[in-house]
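Reader: I would like a close look at one part of this protein. Please take me through the surroundings of a single residue, then work outward.

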Amino acid sequence: MAGHHLKEGIYIHKELTDNELWTIFIGMFSSVNRDTSYKFGLFKSILDNLYNVNENLILTFDQLFIKFTEIYWNLVLKYNLRQKAKTKDGKESVLERILKEAVHKYQFISNICFEAIPKELQVSVCNKVKMKCKEFVVGALFRDSRDTLYSFSKKDEYIKLNPYVYNFMTRYKKILEKMNYFEWAKFLEKVNDEASTRNLLNNLDAITLRNDLSVYRQILFEEFEEHTCFYCGKELKRGGIHVDHFIPWSFIKDDNLWNLVLACPKCNMRKSDRLTTEYYVENLILRNQIIREKNADHISATYQDNKLRQIYTWAMDNGYNEIWIPDKIFKKSG
């Protein structure tokens, strides 16, 4: 049965070697029977949510399709890229119509960022996208992966990642991301004119945008009284407080308080897109325990101390192995 007709699917339970998994992924990316780009978008949504899975490696459709909607909001509205080949009647894909109808209905400017629209409207648009796309895309990607990537239920709206695949994806996340971008770009070049596809790979890498971190700055500085740089210990002055992704954003592609620290401008800029030492991993774990004790709502339910240690190791495996340490450590007074 074709994947999009499936109401549910169960991944094949067997041990898989890295060589077998590379064969599966290469075949999945090189599949030629594509009318739209949606399977690329869904795979990116899974990659961007790898660290939001629960202890059973489950992601809900809401988790996946809020990211999926953000991705296509930027591709369709910001970069004006078609997501299917032109037809004689000029009809656009269902997803494109949903997004453009939202812009028209709520009178948004066409290049507004997804995060800038009101939260309730984000949810409304996401629900429409989810209801249409889950019908065709989730089962299709499942079948493209030879029934190995995940199990899923359209009724209960979740996917459950295969543990062998999950381990593989965390170790090779950056490579898989680039493979996905490359095939995605080739597809978009076929269905769009040359002017629209300039800087295409860069645009694909920018479709998941950094959010405004000012709210996290306020929470950490005001509510939890973090008044010194997480790295060097220097006292932070209002107007000179940076919010840093402890595990680089370019790897984790998400904004979670458990991965955010306050830093002085010097440390934040010098650390840039690098990791620091494991000493700071343990410090961050202690910091997160304090936040969880004071207000558990600020820490994602899927966060675990050991998961942070794992993500740090996975980032190293993915090439983030240039370690940064601050030039000078300021001791706290008292």
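What follows starts at one aspartate and moves outward through its neighbours. Which residues does Asp244 touch, not counting residues up to four places away in sequence?

Author: This is a predicted model.

Start with the residue itself. Asp244 sits in strand 5, which spans residues 242-245. Its relative accessibility is 4%, so Asp244 counts as buried. Not counting residues up to four places away in sequence, Asp244 touches Tyr231, Asn259, Leu260, Val261, Ala263, Asn268 and Lys271. Two of these partners also make polar contacts with the Asp244 side chain. The side chain of Tyr231 is one, at 2.5 Å. The side chain of Lys271 is another, at 3.1 Å.

Now the strand next door. Strand 5 pairs with strand 6 in the antiparallel sense, over four bridges. Within this pairing, Val243 stands opposite Leu262 of strand 6. Strand 6 covers residues 260-263, and both of its faces are covered. Leu260 and Leu262 are buried on one side. Val261 and Ala263 are buried on the other. Three residues of strand 6 already appeared among the contacts of Asp244: Leu260, Val261 and Ala263.

Follow Tyr231 next. Tyr231 is buried, because its relative accessible area is 2%. The structure holds 30 aromatic pairs. One of them joins Phe142 and Phe152: the ring centres are 5.3 Å apart and the planes stand at 70 degrees, so the pair is edge-to-face. Phe142 belongs to helix 5 (residues 119-144) and Phe152 to strand 3 (residues 150-153), ten residues apart. Both Phe142 and Phe152 are buried. Tyr231 forms an edge-to-face pair too, with Trp324, at 5.4 Å centre to centre and 85 degrees between the planes. Tyr231 lies in the loop between helix 9 (214-223) and strand 5, while Trp324 lies in the segment after helix 13 (305-317), so this pair ties together parts that are 93 residues apart in sequence. Trp324 has 7% relative accessibility, so Trp324 counts as buried.

Then the cysteines. How many disulfides does a search of the whole structure find? Zero. Take Cys232. Its closest cysteine sulfur is that of Cys229, at 3.8 Å, which is too far for a bond. The cut-off for a disulfide is 2.5 Å between sulfur atoms. Cys267 gives a similar picture. Its closest cysteine sulfur belongs to Cys264, at 3.6 Å, again too far for a bond. Cys232 is buried, with a relative accessible area of 4%. Cys267 is buried, with a relative accessible area of 4%.

A lysine comes next. Lys174 is in helix 7, residues 173-191. Is Lys174 buried or exposed? Lys174 is buried, at a relative accessible area of 17%. The cut-off for buried is under 20%. The side chain of Lys174 reaches the backbone oxygen of Ser250 at 3.2 Å. Leaving aside neighbours within four places in sequence, Lys174 is in contact with Ser250, Phe251, Asn318 and Tyr320.

Now the wider interior. In soluble globular proteins, nonpolar side chains tend to be buried together. Here the largest nonpolar core has 107 residues, and Trp73 and Tyr150 touch the most other members. Helix 3 (residues 61-78) supplies the largest share of this core, ten residues. Beyond its neighbours within four places in sequence, Tyr150 is in contact with ten residues by name: Tyr11, Leu42, Ile46, Val138, Leu141, Phe142, Ile159, Lys160, Leu161 and Asn162.

Two of those contacts, Leu42 and Ile46, are among the buried residues of helix 2. Eleven of the eleven residues of helix 2 (residues 38-48) are buried, so helix 2 is largely enclosed by the rest of the structure. Polar residues are on that list as well, including Lys39, Lys44, Ser45 and Asp48. Tyr38 and Phe40 also join Phe61, Phe65, Phe68, Tyr72, Trp184 and Phe187 in one aromatic cluster.

End just past helix 2. Asn49 lies in the loop between helix 2 and strand 2 (58-60). Asn49 counts as buried, because its relative accessibility is 4%. The side chain of Asn49 reaches the backbone oxygen of Gln63 at 3.4 Å. Not counting residues up to four places away in sequence, Asn49 touches Leu59, Gln63, Leu64 and Lys67. Tyr106 is elsewhere: Asn49 and Tyr106 are 57 residues apart in sequence and 29 Å apart in space, C-alpha to C-alpha.

How values were computed:
Residues are numbered from 1 along each chain as its sequence is written. This is a predicted model: local features need pLDDT of at least 70, side-chain atom pairs count only at pLDDT 80 or more; totals for chains, interfaces and linings use all residues. Side-chain values use heavy atoms; hydrogens and water are left out. Helices (H or I, at least four residues) and strands (E, at least two) are DSSP runs, numbered from the N terminus. Buried means under 20% relative accessible area, exposed over 50%, partly exposed in between (1.4 Å probe, protein chains only). A polar contact is a pair of N or O atoms within 3.5 Å; within protein, one must be able to donate a hydrogen and the other to accept it, and residues adjacent in sequence count only if both atoms are side-chain atoms. Contact means heavy atoms within 4.5 Å. A nonpolar core is a set of buried Ala, Val, Leu, Ile, Met, Phe, Trp, Tyr and Cys residues joined through side-chain atoms within 4.5 Å. Two strands pair if DSSP finds at least two bridges between them. Rings of Phe, Tyr and Trp (its six-membered ring) pair if their centres lie within 6.5 Å; planes under 30 degrees apart count as stacked, over 60 as edge-to-face and the rest as tilted.
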